[in-house]
Amino acid sequence: MTLAISDVAQTRSVLQTLGERPDHEAVDKAKAKIVEIDSRLSKQLEEIVLSPRPSSIERLQFRAHQAEKEQECRQAAEKEKQIYKAVVQLDEMHEAYEKLLKEAEERLVKLYESASAFADDVEHLPVKEETNEEVVGVLQEASGKGLERVDLSGRRLRFLPEAFGKIRSLVALNLSCNQLEFIPDSIATLENLEELNLSSNLLELLPDSIGLLVNLKILDASGNKLLALPDSICHCRSLVELDVSFNNLAYLPTNIGYELVNLKRLSINLNKIRSLPTSIGEMRSLCHLDAHFNELRGLPSAIGRLTNLETLNLSSNFSDLTELPETIGDLTNLRELDLSNNQIQALPDTFGRLDNLNKLNLDQNPLVIPPMEVVNEGVEAVKVFMAKRWLDILVEEEQKSLLEVKEQTETGWLTRSTSWLGSVVSGVSQSVSGYLGPGPRDPYLDQQL
């Protein structure tokens with residue numbers, strides 16, 4: 001027991017020493033940059049190899065020059081890759097130590113539960129046999145009928161047979177409230193599936209093959225142990241509702257917004273997500289976004305593109321969420337906004353543009369703008385205060401702009417006046433010279449001019 005506790009403590013200490021883990025989008029960009037640099041290097045090396053060869057006398061010197069150029073290209077590429085490699089390596093170290101920490105914690109939990117392990121096995125043994133018979137019964141029934149809906153919720157299922165993938169007629173499958181630890185890849189053959197409920201199980205990952213469910217509209221994987229979503233989930237372009245709340249997610253796939261353009265409801269609450277991918281701004285159909293109880297440190301400015309968003313819950317990100325982007329004011333259809341239990345000190349100056357907002361929760365924030373006396377008067381008072389503040393800012397900017405134009409005009413008038421005066425003096429000088437005619441000039445007249 002002491003050794004198990006020590007392993008957990010040491011691994012946590014190493015993770016703290018490593019510092020913050022890079023977000024998923026930064027890691028993806030770093031990997032893409034490394035591939036780009038390697039590709040560029042390959043082209044450069046190919047050009048060097050295929051460059052015209054000199055006569056036999058100069059061949060040795062040419063080869064030496066080639067080798068030197070190749071070395072220079074390699075060194076330059078390696079130097080350019082260093083910063084991106086550092087990001088990837090830091091992420092890999094975090095992943096490795098987080099895996100070690102998880103294993104150490106699991107060993108510790110098993111030690112605590114060892115006393116009751118045998119009793120639990122005895123209790124669940126008959127249930128497992130009963131469940132297997134039920135699943136077999138469903139498969140037998142499906143073989144004779146074109147089943148469209150199957151509900152196996154709350155049966156304490158521990159596994160789903162691969163043969164389930166043969167029920168091609170399925171439109172809705174409910175596997176919620178079981179003890180499933182994985183979903184077989186054969187689920188991808190359920191090409192007509194539109195609704196899949198995997199909530200309240202023990203899943204740590206979803207199969208990559210889930211991306212082949214191109215007709216899937218509703219996916220509920222809430223209440224599991226998911227550490228990440230497969231990138232292939234982005235291929236489920238028919239998705240309208242996605243619920244992955246109450247898991248252990250630290251990020252969303254980088255390209256999720258570019259692919260799931262039909263998504264209307266996204267629930268990612270009760271996870272460990274630190275940032276939303278920039279691509280989320282492409283989910284133009286999104287009406288409901290619930291991201292409360294995460295570790296969000298802010299929102300991407302692209303959030304302002306979600307012009308159909310009506311409900312946004314960012315509550316309980318606690319000490320992590322300290323500000324909102326100015327683009328929040330572009331969410332003109334927003335009706336409900338929950339920002340409670342964060343560390344926001346000032347609402348964005350554009351906040352007053354949220355004309356349709358009728359429900360607002362700002363509790364448990366150290367707000368200065370607007371002041372608490374305004375917040376206590378309700379959402380309309382907040383909107384009026386922020387709208388007036390926004391108007392004052394616009395007026396101030398307009399006055400500043402007019403002042404700059406005035407200064408430029410005056411400067412231009414002075415320049416033009418000086419130029420005109422110079423032209424007049426020059427003209428007078430030429431006239432006098434013409435009047436006097438050729439010959440010696442009077443020094444007195446020159447002095448006067």
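Tutor: A residue counts as buried under 20% relative accessible area, as exposed over 50%, and as partly exposed in between. Keep that scale in mind as we read this structure, which is a predicted model.

Student: Where on that scale does Leu270 fall: buried, partly exposed or exposed?

Tutor: Leu270 has a relative accessible area of 30%, which means that it is partly exposed. Leu270 sits in the loop between strand E6 (265–267) and strand E7 (288–290).

Student: How should I read the backbone there, and what is the phi of Leu270?

Tutor: Most residues other than glycine have a negative phi. In this model the phi of Leu270 is near 60°, a positive value in a residue that is not glycine. Ser200 can be read in the same manner, with a positive phi near 55°, and its place is the loop between strand E3 (195–197) and strand E4 (218–220). Its relative accessible area is 35%, so Ser200 is partly exposed.

Student: Which peptide bond is cis?

Tutor: As a general matter, most peptide bonds are trans. Here the bond from Ile369 to Pro370 is cis, with omega near -5°, and Pro370 belongs to the loop that lies between strand E10 (359–361) and helix H5 (372–375).

Student: What is the order of the strands in the sheet, and is their pairing parallel or antiparallel?

Tutor: Strands of a sheet pair through backbone hydrogen bonds, in either a parallel or an antiparallel sense. This sheet is open and has ten strands, in the order E1-E2-E3-E4-E5-E6-E7-E8-E9-E10, with parallel pairing. Its edge strands are E1 (149–151) and E10, each of which pairs on one side only, while the twist averages 5° from one strand to the next. For a single pair, take E2 (residues 172–174) and E3, which run parallel and are joined over three bridges; Asn174 has Asn197 of E3 as its bridge partner.

Student: Which residues have the most contacts inside the largest nonpolar core?

Tutor: Such a core joins buried nonpolar residues through side-chain atoms within 4.5 Å. The largest one has 76 residues, and Phe164 and Leu196 have the most contacts inside it. Helix H3 (59–144), H5 and helix H6 (379–436) each supply at least two residues of this core, and H6 gives the most, with four residues.

Student: Which residues does Leu196 touch?

Tutor: Leaving aside residues up to four places away in sequence, the partners of Leu196 include Leu173, Ile187, Ile210, Leu213 and Asp220. There is also a second, separate core of six residues, among them Leu41, Leu45, Cys73 and Ala77.

Notes
Residues numbered from 1 in each chain as written. Predicted model: local features only at pLDDT ≥ 70, side-chain atom pairs only at ≥ 80, totals over all residues. Heavy atoms only, no water. Buried < 20%, exposed > 50% of the residue type's maximum accessible area, 1.4 Å probe, protein only. Contact = heavy atoms within 4.5 Å. Pairing = 2+ DSSP bridges. Axes fitted to C-alpha atoms, helices over the stretch in contact; angles between N-to-C directions.
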